[in-house]
Amino acid sequence: VIGMGKLLSQTGLSKKQQEYVDSILLSGEALLSVINDVLDISKIESSRMELERKPFALKRCIEETFDLMASKAIEKRLTLQYTLAPGTPAYIVGDITRLRQILMNLVSNAIKFTQRGGISIRVAKVADTADGHELRFEVRDTGVGIPEDRIGRLFQSYSQADASTARTHGGTGLGLTISRGYVELLGGKIRVVSEPGKGSTFYFTIPYKPIENQP
């Protein structure tokens, strides 16, 4: 449906017809997002999701996330930046697809609730474990923030901090639940600190194994 809608939009249409096609495409993308969220949460809850263990570059993972989110940020004139703290490994062994999905969900959520300023990602090595090491990822925004009494419901399925959120910004309320599920599958934990009117910081930790011989 989305593909045919895009083809139709490239033909000679009147202004009213173009509005109808744009509405079809917007509705199709919204429905596709809901379907993907429901499929992801179903896999997580059924414990049928398999993780990859492959070498990848941290910079590549973050930059690909920003590449996918750039158009939304540009539309709102928001900045995107990231920092790798000293001592952070350039390459690790893990599941780049799941890590990128976590970052995408968090960055997308940050863009949604930020009207000015920007979003930043910071990565740092925080601890050594029996099996390897632990990384901490922070996704910080300068958005509207979250009242303290509503933080507890953020990671619940189909739940959002405010009942008006779905009407104003759209979404299923599954993005943060999926992120929490992926973080826990990777062996980590996710938290949030926020101050209304000043922004929020979502942070999570994951264990990893460094690569001795970097590619």
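This passage describes the overall make-up of the chain, two helix pairs and three buried residues.

The structure is a predicted model. Its chain holds six helices and seven strands, and a walk from the N terminus meets these elements in the order α-α-β-α-β-β-α-β-β-α-α-β-β. The chain has 215 residues, of which 39% count as buried. Sequence separation is also worth a look: when contacts between residues at least 6 apart in sequence are considered, 69% of them join residues at least 24 apart.

The order of elements opens with two helices, and these make a convenient starting point. Helix H1 covers residues 2-9 and helix H2 covers residues 15-45. Their axes lie 9 Å apart and the helices pack at an angle of about 155 degrees. Because angles over 145 degrees count as roughly antiparallel, H1 and H2 are described as roughly antiparallel to each other. Their crossing is left-handed. On the H1 side, the contact is formed by Ile2, Gly5, Lys6, Leu8 and Ser9; H2 contributes Gln18, Val21, Leu25, Gly28, Glu29 and Leu32. By character, the residues of this contact comprise five nonpolar, four polar and two charged.

A second helix pair is formed by H3 (residues 58-75) and H4, whose axes come within 9 Å and cross at roughly 35 degrees. Here the crossing is right-handed. From H3, the residues taking part are Leu58, Arg60, Cys61, Ile62, Glu64, Thr65, Phe66, Leu68, Met69, Lys72 and Ala73. They meet Ile96, Leu99, Arg100, Leu103, Met104, Val107, Ser108 and Ile111 of H4. The residues of the contact of H3 with H4 divide into 13 nonpolar, two polar and four charged.

Leu58 of H3 also leads to the next site, since this residue is among those touched by Pro89. Pro89 sits in the loop between strand E2 (79-84) and strand E3 (91-94). With a relative accessible area of 13%, Pro89 falls under the 20% cut-off and is therefore buried. Beyond residues up to four places away in sequence, Pro89 touches Leu58, Leu135 and Tyr208. Another pairing links Pro89 with Ala124: the two are 35 residues apart along the chain, and their C-alpha atoms are separated by 8.7 Å.

Following H4 (96-112), the loop that leads to strand E4 (118-128) contains Thr114. The relative accessibility of Thr114 is 0%, so this residue counts as buried. A polar atom of the Thr114 side chain lies 2.6 Å from the backbone oxygen of Ala110. When neighbours within four places in sequence are left aside, Thr114 is in contact with Lys76, Leu78, Ile119, Asp141, Thr142 and Gly143.

The last site, Thr201, belongs to strand E7 (residues 199-210). Its relative accessibility is 7%, and Thr201 therefore counts as buried. The side chains of Thr201 and Arg140 make a polar contact at 3.4 Å. Arg140 also appears in the wider set of residues in contact with Thr201, which, apart from neighbours within four places in sequence, consists of Glu138, Val139, Arg140, Arg191, Val192 and Val193. Strand E7 thus hosts a buried threonine, and the loop between H4 and E4 holds another, Thr114.

Notes. Residues are numbered from 1 along each chain as its sequence is written. This is a predicted model: local features need pLDDT of at least 70, side-chain atom pairs count only at pLDDT 80 or more; totals for chains, interfaces and linings use all residues. Side-chain values use heavy atoms; hydrogens and water are left out. Helices (H or I, at least four residues) and strands (E, at least two) are DSSP runs, numbered from the N terminus. Buried means under 20% relative accessible area, exposed over 50%, partly exposed in between (1.4 Å probe, protein chains only). A polar contact is a pair of N or O atoms within 3.5 Å; within protein, one must be able to donate a hydrogen and the other to accept it, and residues adjacent in sequence count only if both atoms are side-chain atoms. Contact means heavy atoms within 4.5 Å. Axes are lines fitted to C-alpha atoms, for helices over the stretch in contact, and angles run from 0 to 180 degrees between N-to-C directions. Angles under 35 degrees count as roughly parallel, over 145 as roughly antiparallel, 65 to 115 as roughly perpendicular and the rest as oblique. A crossing is left-handed if the near helix is turned anticlockwise from the far one by less than a right angle, and right-handed if clockwise. Ala, Val, Leu, Ile, Met, Phe, Trp, Tyr, Cys and Pro count as nonpolar, Asp, Glu, Lys and Arg as charged, and the others, Gly among them, as polar.
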